[in-house]
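Work through the exercises below with the model open. Try each task before you read its solution.

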Amino acid sequence: MSDLPYPRILIKVSGEALMGPEPFGLHPPTVARIARDLVAVRALGCEVAVVVGGGNILRGARVAGEDLNRATADHMGMLATVMNCLALEQAVEAAGEPARTMSAIPMPTVCEPYARQPATRHLRRGRIVLLAGGTGNPYFTTDTGAVLRAAELDCDAVLKATNVDGVYTADPKTDPTATRYERLTHDQALAYDLKVMDAAAFALAREAALPIIVFSIREPGAIVAAAKGEGRVTVVAP
């Protein structure tokens, strides 16, 4: 592990990444592909934690409104992340590595409740730890939850898997003049109001001196390349 740039990593996977070509929910072949990539990262010797979003099922901020208050909507979104983590846990184990889902919202008949010390023990024993339920509180995104868990678990980096190959000056899907950053500081990410993660996540990463590596999850092996410090990425670091 001494040759690895990031011996212990937290990988943030969006719920949308699990949809594959589907418009909603889970696409089993895509879930299996991502699980194989996580297993390949573990085979490098990395200790691996994963935070999964829930946007493929429900995004709390999007459905909140007159008839559904934000706190309730956010709790519904957190439950969606539990479903995603359970699916990914089964796919990881089918690919040959032990995995544990831990939820910030206690549901002991379904999975383990999240606590820092048991999660750390799972990592040290070589299990891929899937962290569900966000922070357990409304008004916080799973991006903020990912940085929070990475800081709690003494991770060396956050790997933010997206649909684009790094951080751009604007949305490259809609702005053909957008250019990609190779490297940014946390302060720059906040000052430029970059939308790849929310401001709270960048601010917490800055406080914890945690690098964030942003890359595209679309290609097989992309997570492995990012974990090795390779591939087409944007690094946000002090």
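The exercises that follow concern a predicted model.

**Exercise 1. The nonpolar cores**

Task: Find how many residues the largest nonpolar core has, and which of them have the most contacts inside it.

Solution.
- Step 1. Count the members. The largest nonpolar core has 44 residues.
- Step 2. Rank by contacts. Leu 38, Val 50, Leu 88 and Leu 159 have the most inside this core.
- Step 3. Map the core onto the elements. Two or more residues come from each of strand E1 (8-13), helix H1 (28-43), strand E2 (47-52), helix H3 (70-94), strand E5 (128-132), strand E6 (157-162), strand E10 (212-216) and helix H8 (222-227).
- Step 4. Look for another core. A second, separate one has 28 residues, including Leu 10, Ala 119, Leu 194 and Phe 202.
- Step 5. Zoom in on Leu 88. Leaving out residues up to four places away in sequence, Leu 88 touches Val 31, Ile 34, Ala 35, Leu 38, Val 50, Val 52 and Leu 130.

**Exercise 2. Helix H1**

Task: Check the span of H1 against 1.5 Å a residue. Then list which of its residues are buried.

Solution.
- Step 1. Get the expected span. H1 has 16 residues, and the expected value is 22 Å.
- Step 2. Compare. The end C-alpha atoms of H1 are 22 Å apart, so the two values agree.
- Step 3. Apply the burial cut-off, under 20% relative accessible area. In H1, Thr 30, Val 31, Arg 33, Ile 34, Ala 35, Asp 37, Leu 38, Val 39, Val 41 and Arg 42 are buried.
- Step 4. Find the cover. E1, E2, H3, E5 and H8 are among the elements over the buried residues of H1.
- Step 5. Look past the helix end. Gly 45 follows H1 and has a positive phi, near 110 degrees.

**Exercise 3. The largest pocket**

Task: Give the volume of the largest pocket. Say which residues are closest to its centre, and which element gives the most to its lining.

Solution.
- Step 1. Volume. The largest pocket comes to about 1,200 Å³.
- Step 2. Lining. It consists of 47 residues, and Arg 59, Asp 143, Lys 160, Lys 195 and Val 196 are the closest to the pocket centre.
- Step 3. Elements. At least two lining residues each come from helix H2 (60-63), H3, helix H5 (142-152), E6, strand E7 (167-168), helix H6 (186-191) and helix H7 (199-208).
- Step 4. Main contributor. H3 gives the most, with five residues.
- Step 5. Classes. The lining of the largest pocket splits into 19 nonpolar, 16 polar and 12 charged residues.

**Exercise 4. The cavity**

Task: Find how many cavities of 30 Å³ or more the structure holds. Describe the lining of the largest cavity.

Solution.
- Step 1. Recall the method. Rolling a probe the size of a water molecule over the atoms shows where empty space is left.
- Step 2. Count. The structure holds one cavity of 30 Å³ or more. The volume of the largest cavity is about 30 Å³.
- Step 3. List the lining. Val 51, Leu 131, Ala 132, Gly 134, Gly 145, Ala 146 and Arg 149 line the largest cavity.
- Step 4. Assign elements. E5 and H5 each give two or more residues to this lining. H5 gives the most, with three.
- Step 5. Classify. Four of these lining residues are nonpolar, two are polar and one is charged.

**Exercise 5. Positive phi outside glycine**

Task: Place Tyr 139 and Asp 154 in the chain. Are they buried or exposed?

Solution.
- Step 1. Set the background. Most residues other than glycine have a negative phi.
- Step 2. Take Tyr 139. Its phi is positive, about 75 degrees. Tyr 139 sits in the loop between E5 and H5. Its relative accessibility is 54%, so Tyr 139 counts as exposed.
- Step 3. Take Asp 154. Its phi is also positive, near 55 degrees. Asp 154 is in the loop between H5 and E6. Its relative accessibility is 55%, so Asp 154 counts as exposed.

**Exercise 6. Sequence and space**

Task: Set sequence separation beside C-alpha distance for Asp 67 and Val 41, then for His 186 and Pro 211.

Solution.
- Step 1. Asp 67 and Val 41 are 26 residues apart in sequence and 43 Å apart in space.
- Step 2. Locate Asp 67. It lies in the loop between H2 and H3, and is exposed at 79% relative accessible area.
- Step 3. His 186 and Pro 211 are 25 residues apart in sequence and 8.5 Å apart in space.
- Step 4. Locate His 186. It belongs to helix H6. At 2% relative accessibility, His 186 counts as buried.
- Step 5. List its neighbours. Not counting residues up to four places away in sequence, His 186 touches Phe 202, Ala 205, Arg 206, Leu 210, Val 236, Ala 237 and Pro 238.

Notes: Residues numbered from 1 in each chain as written. Predicted model: local features only at pLDDT ≥ 70, side-chain atom pairs only at ≥ 80, totals over all residues. Heavy atoms only, no water. Core = buried A, V, L, I, M, F, W, Y, C linked by side-chain atoms within 4.5 Å. Buried < 20%, exposed > 50% of the residue type's maximum accessible area, 1.4 Å probe, protein only. Helix = DSSP H or I, 4+ residues; strand = E, 2+ residues; numbered from the N terminus. Contact = heavy atoms within 4.5 Å. 1 Å grid on protein atoms, 1.4 Å probe; cavity = no way out; pocket = protein on both sides within 12 Å on 5 of 7 lines; lining within 4 Å. Points joined across faces, edges and corners; volume = space filled by probe spheres on them. Nonpolar A, V, L, I, M, F, W, Y, C, P; charged D, E, K, R; others polar. Expected span 1.5 Å × (residues − 1).
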